Amino acid sequence: SYKVFDNLDFGTVKGFSFSLDRRRTNNLELNATYTLQFADGSGSDANSSNGINNRGPIRNLIPLSYDERHRITAIIDYRYGSGKAYNGPKIGGKNILEDFGVSLTSFLVSGQPYSRNLTPTAFGGSGFAGSVNGARLPWNFTVDLNAQKRFPIKISAEKKLWFNAYLRVQNVFNIQNVINVYKYSGD
């Protein structure tokens, strides 16, 4: 007997998305998106059906391992303009926050599916408790920060180059998200 890889699995992703875009007003801009999707198929990757049965590929629809039912993304951006468009604080007649901005990007994502195991073993378990990909990881939430300051560099009387300095902080609130679990206990 022998095993071969063949292109037999299939997957379908269905869903919808809607977004809210608030144009910049008084230095503030807001973008928010909600996505609902269903990623179902017969296998998530080339090894999905390996070891499940000896009768060939499974044709039952199961949630694929990258299925995220709900995703909410929000971007809040606050920035000051330059020249006559500047409306920020001044010190000694200088526009101290000219061409400066801060944005927060947040993600809230429902947990991805995994298969619970029936028997505990050292590296996760064996046998299935319930259906394939029938359990879900917890939701994940993270917020990233990006601060930007733009500086002009004068080349000539008519020409300028712009230098951008960035400070980027990922997971600003140091939220500990669950990205994997012990498949027997779910911990």
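This is a short talk on the strands, salt bridges, rings and surface of one protein chain.

Good morning. First, the ground rules. The model is predicted, so local features need pLDDT of at least 70 and side-chain atom pairs count only at pLDDT 80 or more, while totals for chains, interfaces and linings use all residues. Residues are numbered from 1 along each chain as its sequence is written, and side-chain values use heavy atoms, with hydrogens and water left out.

Start with the fold. How many helices and strands does the protein chain have? The count is 0 helices and 13 strands. Both kinds of element are DSSP runs, numbered from the N terminus: helices are H or I with at least four residues, strands are E with at least two. Read from the N terminus, the order is β-β-β-β-β-β-β-β-β-β-β-β-β.

Now the totals. The protein chain has 187 residues, and 22% of them are buried. Buried means under 20% relative accessible area, exposed means over 50%, and partly exposed is in between, with a 1.4 Å probe and protein chains only. The protein chain exposes about 13100 Å², and carbon and sulfur atoms supply 56% of that area. Accessible areas come from the Shrake-Rupley method with a 1.4 Å probe; for residues, only the protein chains shown count as cover.

Next, contacts. A contact means heavy atoms within 4.5 Å. Take the contacts in the protein chain with a separation of 6 or more: residues 24 or more positions apart account for 61% of them.

On to charges. A salt bridge is a side-chain nitrogen of Lys or Arg within 4 Å of a carboxyl oxygen of Asp or Glu. The count comes to 8 salt bridges. Here are three.

One is Arg 69 with Asp 40, where the closest N and O atoms are 3.9 Å apart. This pair links distant parts of the chain, 29 residues apart: Arg 69 is in the loop between strand E3 (62–63) and strand E4 (70–79), and Asp 40 is in strand E2 (residues 28–41).

Another is Arg 79 with Asp 77, with closest N and O atoms 2.8 Å apart. Arg 79 is partly exposed, at 22% relative accessibility. Asp 77 is buried, at 9%. These two also belong to a network of salt bridges that links Arg 24, Glu 29, Asp 77 and Arg 79.

The third is Arg 150 with Asp 99, and here the closest N and O atoms are 3.5 Å apart. Why does this pair tie together parts that are 51 residues apart in sequence? Because Arg 150 lies in strand E12 (residues 140–154), while Asp 99 lies in the loop between strand E6 (94–95) and strand E7 (100–109).

Stay with that pair. Arg 150 counts as partly exposed, at 29% relative accessibility. Asp 99 counts as buried, at 12%. What does Asp 99 touch, beyond residues up to four places away in sequence? The list is Tyr 80, Gly 81, Ser 82, Gln 148, Lys 149, Arg 150 and Trp 162. Arg 150 has a ring partner as well: its charged end sits over the ring of Trp 162, 3.8 Å from the ring centre. For that, NZ of Lys or CZ of Arg must be within 6 Å of the ring centre and within 35 degrees of the ring normal.

Now ring pairs. Rings of Phe, Tyr and Trp (its six-membered ring) pair if their centres lie within 6.5 Å; planes under 30 degrees apart are stacked, over 60 edge-to-face, and the rest tilted. The count is 5 aromatic pairs. Among them is the tilted pair of Tyr 80 and Tyr 86, 5.7 Å centre to centre with 50° between the planes. Both Tyr 80 and Tyr 86 are buried. Ring pairs also link Phe 16, Phe 18 and Tyr 34 into a cluster.

A quick stop at a proline. Pro 113 is in strand E8 (residues 113–114). Is Pro 113 buried or exposed? Pro 113 is buried, with a relative accessible area of 7%. Leaving aside neighbours within four places in sequence, its contacts include Pro 63, Leu 64 and Asn 133. Pro 113 and Pro 138 are 25 residues apart in sequence, and their C-alpha atoms are 9.5 Å apart in space.

Last, the surface. Phe 151, Ile 153, Ile 155, Leu 161 and Phe 163 make a nonpolar patch of about 480 Å². Patches are made of residues with over 30% relative accessible area and no salt bridge: like charges are joined within 9 Å, nonpolar side chains (Val, Leu, Ile, Met, Phe, Trp, Tyr) within 5 Å. E12 and strand E13 (160–169) each supply at least two residues of the nonpolar patch. Ile 153 is in strand E12, and at 43% relative accessibility Ile 153 counts as partly exposed.
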